[in-house]
Amino acid sequence: MTSKVIQRNIHISHRKASLVIDLIRNKPIDEAIRILQHTQKKFAPIVLKLLNSAVANVTNNKKDMDPTNLYIYKIVANQGPTAKRRNFRAKGSADIIFKRTTHLEIVLSDDKDELAKELATIKAKKAKSSTPKETKPVEQPKKETKKEAKPKKVVEPVVEENEPVDPELLKREQEVLVVVDEKDDNGEEVKTETIIISASPKVVKELFDNPEKDVLFYKNTPVNKVSRVIVYATAPVQKVVGEFDLELIDKGAVSTNWKKYSKRSVLSKKDYDVYYTGKDQAHAMVSSKAYKYRKPKALSDYNMSKGPSGFQYLK
């Protein structure tokens, strides 16, 4: 059997209190009282007073415990609340003083085997925690073989064999002209360049299948003089599908160019507004004549590995 007493908020640090209670832990009552009576510490009389109270409590209230076999089964000094005070210093400064408190707890017991049982339990727990656990071999997960990605289907337009062929189209399909010689007003030859541009299949269809639609809009246009524009259709076609002769590049305000070329534009009003969101100028590329290849060409024919971002000079 055990009997417990507690005294709270004792005005002393729990670290100083620990110096006293360590002297009497697990000691018989008579020996503990003698030690406290001869200990020159401030906390010793406080512990002695509480210990006498615990013994009196057992004698008067615990009839099932034997007062002659009592010993200190447990004694603990826990930290209590800390009060803060100020100590004024020079030049208006101040230091903080910590007023610490302690909660003292004493547990008495008359069963000497009770302490031995607890110590045996603690040792068993420590021995159990120190023994290494048997580790099972970890099975390595099987590596999943990656499935080969299926190549994308390339959509190619159907070529009608009996369709009449323009001789100029045949010439352009057979040759990849990069530099075209033109003559200016004075009769002198001027070298113009060829560019390749990217366009969606929807725009490409409007440009080559609808003769009334001959104006493309771009955010940026080439600085050098260009007379020929190769058209690359983006996914899912991913081929060079045709070309057109460039008549002029008209740079103007977004609203002005739409009013001017709205009926000839390959873009709808909705697509036009989305394309030029946040932009001030629109670049209109006017086609004089468009040529749709009977069989689309690969980018490798133009020494290119991927489609152009916007436009690109052919060299």
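Okay, let's start in the loop between β9 and β10, because that is where Gln 238 sits. The model we're looking at is predicted, so keep that in mind throughout. Gln 238 has a phi near 55°, which is a positive value in a residue other than glycine. Is Gln 238 buried or exposed? Neither, really: its relative accessible area is 35%, and since buried means under 20% and exposed means over 50%, Gln 238 counts as partly exposed.

Stay in that loop for a second. Pro 236 lies there too, between β9 and β10. Ala 235 and Pro 236 are joined by a cis peptide bond, with omega at about 10°.

Now step back along the chain into strand β9, residues 226-233, and find Arg 228. Buried or exposed, this arginine? Arg 228 is buried, because its relative accessibility is 2% and the cut-off for buried is under 20%. What does its side chain make a polar contact with? The partner is the side chain of Glu 243, at 2.6 Å.

A bit further along is Val 231, and this one has a long list of contacts. If we leave aside the neighbours within four places in sequence, Val 231 touches Ile 197, Ala 199, Val 204, Leu 207 and Phe 208, and also Lys 239, Val 240, Val 241, Gly 242, Glu 243 and Phe 244.

Val 231 also takes us to the cores. The largest nonpolar core has 30 residues, and Val 231 is one of those touching the most other members, along with Ile 197, Leu 216, Phe 217, Val 229, Phe 244 and Met 285. Which elements give two or more residues to this core? They are β7 (189-199), α6 (201-209), β8 (215-218), β9, β10 (239-253), α7 (254-261) and β11 (281-297). There is also a second, separate core of 27 residues, and among its members are Ala 32, Ala 44, Ile 72 and Leu 104. As a general point, nonpolar side chains tend to be buried together in soluble globular proteins.

Hold on to Leu 104, and let's go to the sheet. Three strands form an open sheet here, in the order β1-β5-β2, with antiparallel pairing. The edge strands are β1 (2-10) and β2 (71-79), each of which pairs on one side only. On average, neighbouring strands of this sheet are turned by 10° against each other, if you ignore direction. Between β1 and β5 (residues 102-109) there are 7 bridges, and those two run antiparallel. If you want one pair to look at, Gln 7 stands opposite Leu 104 in β5. What packs on this sheet? That's helix α3, residues 44-61, which touches β1, β2 and β5, and its direction makes about 40° with that of β5.

Next, a hairpin. Strand β3, residues 83-88, is joined to β4, residues 94-99, by 6 bridges, and the two run antiparallel. Two of the pairings are easy to find: Arg 86 stands opposite Ile 96, and Phe 88 has Ala 94 as its bridge partner in β4. There are 5 residues between the strands of this hairpin, and Lys 91 takes a positive phi near 60°. How many of the 6 residues of β3 are buried? The number is 0, so β3 lies largely in the open.

Let's move to the other end of the chain. Asn 303 sits in the loop between β11 and β12, and its phi is near 60°, again positive in a residue other than glycine. Asn 303 is exposed, because its relative accessible area is 72% and exposed means over 50%. Compare Leu 314, in the segment after β12 (311-313). Leu 314 is buried, with a relative accessible area of 5%. From Leu 314 to Tyr 302 you count 12 residues in sequence, and the two are 7.5 Å apart in space, C-alpha to C-alpha.

Last, the whole chain. We have 8 helices and 12 strands. There are 315 residues, and buried ones make up 34% of them. If you take contacts between residues at least 6 apart in sequence, 74% join residues at least 24 apart. The chain exposes about 22,100 Å², and carbon and sulfur atoms supply 50% of that.

Methods. Residues numbered from 1 in each chain as written. Predicted model: local features only at pLDDT ≥ 70, side-chain atom pairs only at ≥ 80, totals over all residues. Heavy atoms only, no water. Buried < 20%, exposed > 50% of the residue type's maximum accessible area, 1.4 Å probe, protein only. Helix = DSSP H or I, 4+ residues; strand = E, 2+ residues; numbered from the N terminus. Pairing = 2+ DSSP bridges. Polar contact = N/O pair within 3.5 Å; in protein donor to acceptor, adjacent residues only side chain to side chain. Core = buried A, V, L, I, M, F, W, Y, C linked by side-chain atoms within 4.5 Å. Contact = heavy atoms within 4.5 Å. Axes fitted to C-alpha atoms, helices over the stretch in contact; angles between N-to-C directions. Areas by Shrake-Rupley, 256 points an atom, 1.4 Å probe, with all protein chains shown as cover.
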